[in-house]
Amino acid sequence: MSTSDELPVLRDLRELARLVDSTPHLYVRWSHGPEADENHRESRDALTGVRMSGLSANPLDVEPWWEDRPVELWVARRLYDYSHLPREKGEGVRPWVLRGRVEGRGPDNEPLVTNVEPVGWVDETVIREAAAAVVDQRGPWGPMRRDAG
């Protein structure tokens with residue numbers, strides 16, 4: 001993996017959506033970054049402490065059932081659903097985009113990724129844009145950890 005300081009920063013939702021639209025098999029991971037993860041190369045199940053066969057990440061690929069809906073909204077939802085993680089995991093945890101190979105699935109059915117190639121950091125501005133895009137939709141959406149404030 002390359003060093004975190006060398007990674008580009010994705011600064012708006014449109015930029016990230018264009019990247020997702022043009023590059024298959026991207027994932028977002030919420031952690032202290034590629035350098036911190038390089039030493040571990042695996043995640044642990046939070047409930048049992050069991051080591052898993054890769055880093056937990058969430059896929060950014062647009063599913064066919066999404067049809068012709070905006071990629072920006074798809075990406076916004078993928079980010080918003082896990083926006084509670086910095087509060088839960090602690091200071092310095094932030095999202096970053098990567099490519100890699102899926103080795104298995106974690107307890108929440110999330111991909112466990114190996115052969116990780118960092119692509120870029122996701123700026124806090126993108127997270128705010130994602131939250132605004134989701135709030136603008138009709139329906140009771142919320143982050144996966146619905147009780148988080």
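This passage describes the fold, the nonpolar cores, the largest pocket and selected residues of one protein model.

The model is predicted, so local features need pLDDT of at least 70 and side-chain atom pairs count only at pLDDT 80 or more, while totals for chains, interfaces and linings use all residues. Residues are numbered from 1 along each chain as its sequence is written, and side-chain values use heavy atoms, with hydrogens and water left out.

The protein holds five helices and six strands. Both are DSSP runs numbered from the N terminus: helices are H or I of at least four residues, strands are E of at least two. Read from the N terminus, the order of elements is β-α-β-α-β-β-α-α-β-β-α. Of the 149 residues, 45% are buried. Buried means under 20% relative accessible area, exposed means over 50%, and partly exposed lies in between (1.4 Å probe, protein chains only). The accessible surface comes to about 8,700 Å², and carbon and sulfur atoms account for 46% of this surface. Areas come from the Shrake-Rupley method with a 1.4 Å probe; for residues, only the protein chains shown count as cover. Contacts, defined as heavy atoms within 4.5 Å, often span the sequence. Among those between residues at least 6 apart, 72% join residues at least 24 apart.

The largest nonpolar core has 29 residues. Such a core is a set of buried Ala, Val, Leu, Ile, Met, Phe, Trp, Tyr and Cys residues joined through side-chain atoms within 4.5 Å. Leu16, Trp30, Val75, Leu79 and Val97 touch the most other members. At least two residues of this core come from each of helix 1 (13-22), strand 2, helix 3 (71-80), strand 6 (111-122) and helix 5 (124-135). Helix 3 gives the most, with seven residues. A second, separate core has nine residues, among them Leu7, Val113, Val116 and Trp121.

Helix 3 is mostly covered, with eight of its ten residues buried. These are Val71, Leu73, Trp74, Val75, Ala76, Arg78, Leu79 and Tyr80. Their cover includes helix 1, strand 2, strand 4 (58-59), strand 6 and helix 5.

Val97 has many partners beyond four places in sequence: Leu10, Leu16, Leu26, Tyr27, Leu60, Pro118, Val119, Gly120 and Val122. One of these, Pro118, is found in strand 6. Pro118 has a relative accessible area of 11% and is therefore buried. The C-alpha atoms of Pro118 and Val97 are separated by 6.2 Å, with the two positions 21 residues apart along the chain numbering.

The largest pocket encloses about 880 Å³ of space. It is lined by 30 residues, and Arg44, Ala46, Ser56, Leu85 and Lys89 are the closest to its centre. On a 1 Å grid over the protein atoms alone, a pocket is an open set of points where a 1.4 Å probe fits, with protein on both sides within 12 Å along at least five of seven lines; lining residues have an atom within 4 Å of a point. Points are joined across faces, edges and corners, and the volume is the space filled by probe spheres set on them. Strand 2 (26-31), helix 2 (34-38) and helix 4 (85-89) each supply at least two lining residues. Strand 2 gives the most, with four. The lining divides into twelve nonpolar, seven polar and eleven charged residues. Here Ala, Val, Leu, Ile, Met, Phe, Trp, Tyr, Cys and Pro count as nonpolar, Asp, Glu, Lys and Arg as charged, and the others, Gly among them, as polar.

Gly54 lies in the loop between helix 2 and strand 3 (55-56). Gly54 is buried, because its relative accessibility is 0%. Beyond four places in sequence, Gly54 touches Arg41, Glu42, Ser43, Leu112, Val113 and Thr114. The C-alpha atoms of Gly54 and Leu112 are separated by 4.5 Å, although the residues are 58 apart along the chain. Ser43 lies in the loop between helix 2 and strand 3. At a relative accessible area of 7%, Ser43 is buried. Its contacts beyond four places are Arg29, Val50, Arg51, Met52, Gly54, Leu55 and Ser56.

Most residues other than glycine have a negative phi. His25, in the loop between helix 1 and strand 2, has a positive phi near 65 degrees. His25 is partly exposed, with a relative accessible area of 47%. Asn115, in strand 6, has a positive phi of about 50 degrees. Asn115 counts as exposed at 53% relative accessibility.
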